Amino acid sequence: MENVVIIGSGCAGLTAAIYAGRANLKPLVIDGHEQGGQLSLTTHVENYPGFPDGIMGPELIENMRKQAQRFGAEFKAGQVNEVDLTQRPFKVVAGKDTYETKSLIVAAGATARLLGLEGERDLIGRGLSTCATCDGFFFRNKPIAVVGGGDSAMEEANFLTRHASKVYLVHRRNEFRASKIMIDRAKANPKVEFVTPFTVEQIIAPQGHVEGARLRNLETNEAREITVDGVFVAIGHDPNSTVFKGKLDMDSNGYLIANHGSLTKIPGVFIAGDVQDHRYRQAVTAAGSGCMAALDAEKFLEEHKD
Ligand code: NAP
């Protein structure tokens, strides 16, 4: 019987593990499908406090893991495919293993959608990014493209004009999902050029880093090539919440809904990080919410000793 099982080993899960470990709860962390979460897929992180020269994402997450281990956290590889939250102890099934736990922290994260192009994943950190806040700074005075037509794409396009010399906003339709105010703001920005209705057919990277993109007009079939140093894919995220469908409250996009910090409608089940946050999605906010979840779990266990 575990005191606390933490689902997810990204920034939120590991911070929860550090706090729960220091509270002598011997947390058990189940890694999930992407050990280390989204930080493990980034390169230089310059906005995490405490690192004046920045730190590589994988190194930052490895440090957090070691810090959690130092305080007694245990790790299991595997992906959770079933949970039973109908009674305590809760049951968590990951592959062939079933765990019983007095409390549960869900920090399963979200996965940025990619375009599904050949070689795309290998270009992450080599000109391809899913996070403007993280990587925009590296494209100072360079032309870049943002792909997508939702609020994220508009927000990223506007934000990136602070750094980039030009931003192509590439979207597959002439209509946008984004709110009018966000579209108007991007349209009014002289550095943003709207390229619609175009789809990205290929990212050009003969030397292993982004040099351009080949586009196709979906109405006229016209081909177009743009020269860019970076491609920001902003076509949405998918929260990793499928196993909680019908068990925890979620919004129409599948993001879990927290009440009062990390609490859910089930006493003893707490949530943290990007699985419950489509707005901020930062390493530091994920860490903060992981801390909150661990403190909430500790208080819950204290109040439900038997
Ligand atoms: P979203 O609203 O789901 O928009 C995703 C966009 O990407 C759509 O325009 C979609 O095109 C496009 N897309 C999806 N798959 C694609 C593919 N395979 N190839 C090319 N394009 C593709 O996602 P989001 O913009 O990340 O926003 C998510 C939620 O967060 C929304 O509720 C949004 O309002 C909110 N949000 C709010 C703010 C803010 O208020 N400041 C900022 C960011 C996000 P189609 O339209 O053709 O399907």
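How many Å separate a polar side-chain atom of D151 from an oxygen atom of the ligand? The first legend below gives the answer. Please keep in mind as you look around that this is a predicted model.

**View 1. The ligand and the residues around it.**
Start with the ligand, which has 16 residues surrounding it. The closest are D151, S152, E155, R173 and R177. Look for D151: one of its polar side-chain atoms lies 2.6 Å from an oxygen atom of the ligand. E155 also takes part through its side chain, with a polar atom 2.8 Å from a nitrogen atom of the ligand. G149 uses its backbone instead, where an N or O atom lies 3.0 Å from a ligand oxygen atom. Taken alone, the ligand exposes 920 Å², and the protein buries 73% of that.

**View 2. What the shell around the ligand is made of.**
Which helix gives the largest share of this shell? Helix α4, made of residues 151-160, supplies three residues. Sorted by chemical character, the shell holds three nonpolar, seven polar and six charged residues.

**View 3. A five-stranded parallel sheet.**
Here five strands form an open sheet, and you can trace them in the order β10-β17-β11-β12-β13. Their pairing is parallel. Strands β10 (128-129) and β13 stand at the edges with a single partner strand each, so one side of each has no neighbour in the sheet. As a reminder from the textbook, strands of a sheet pair through backbone hydrogen bonds, either parallel or antiparallel.

**View 4. Strand β11 and its two partners.**
Now zoom in on β11, which covers residues 143-147. Is this strand mostly covered or mostly open? It is mostly covered, as four of its five residues are buried. Five bridges connect β11 with β12 (residues 166-170), in the parallel sense. With β17 (residues 230-233), β11 pairs over four bridges, again in the parallel sense. I144 is a handy residue to follow: its bridge partner in β12 is V167, while in β17 it stands opposite G230.

**View 5. A three-stranded antiparallel sheet.**
This open sheet has three strands in the order β14-β15-β16, and its pairing is antiparallel. The edge strands are β14 (198-204) and β16 (223-227), each of which pairs on one side only. On average, neighbouring strands of this sheet are turned by 25° against each other, with direction ignored. How many bridges join β14 to β15? There are six, and β15 spans residues 212-217. One pair to find is F198 with N217, its bridge partner in β15.

**View 6. Two cis peptide bonds before prolines.**
Two stops on this tour show a cis peptide bond. The bond from R88 to P89 is cis, with omega near -5°. You will find P89 in the loop between β6 (80-84) and β7 (90-94). Another cis bond joins T196 and P197, where omega is about -15°. P197 lies in the loop between β13 (192-195) and β14, so following the chain here takes you from an edge strand of the five-stranded sheet to an edge strand of the three-stranded one.

**View 7. Two residues with a positive phi.**
Neither residue in this view is a glycine, yet H260 has a positive phi of about 45° and R281 has one of about 55°. H260 sits in the loop between β18 (237-239) and β19 (269-271). Is H260 buried or exposed? With a relative accessible area of 74%, H260 is exposed. R281 belongs to the loop between β19 and α6 (283-303). R281 counts as partly exposed, at 24% relative accessibility.

**View 8. I7 and a residue far along the chain.**
The last view takes you to I7, which is found in strand β1 (residues 2-7). I7 has a relative accessible area of 6%. This residue counts as buried because that value falls under the 20% cut-off. Now look for A94, which is 87 residues away from I7 along the chain. What distance separates their C-alpha atoms? In this model, the C-alpha atoms of I7 and A94 are 9.9 Å apart.

Technical notes: Residues are numbered from 1 along each chain as its sequence is written. This is a predicted model: local features need pLDDT of at least 70, side-chain atom pairs count only at pLDDT 80 or more; totals for chains, interfaces and linings use all residues. Side-chain values use heavy atoms; hydrogens and water are left out. Two strands pair if DSSP finds at least two bridges between them. Axes are lines fitted to C-alpha atoms, for helices over the stretch in contact, and angles run from 0 to 180 degrees between N-to-C directions. A residue is near a molecule or strand if one of its heavy atoms lies within 4 Å of it. A polar contact is a pair of N or O atoms within 3.5 Å; within protein, one must be able to donate a hydrogen and the other to accept it, and residues adjacent in sequence count only if both atoms are side-chain atoms. Accessible areas come from the Shrake-Rupley method with a 1.4 Å probe; for residues, only the protein chains shown count as cover. Ala, Val, Leu, Ile, Met, Phe, Trp, Tyr, Cys and Pro count as nonpolar, Asp, Glu, Lys and Arg as charged, and the others, Gly among them, as polar. Buried means under 20% relative accessible area, exposed over 50%, partly exposed in between (1.4 Å probe, protein chains only).
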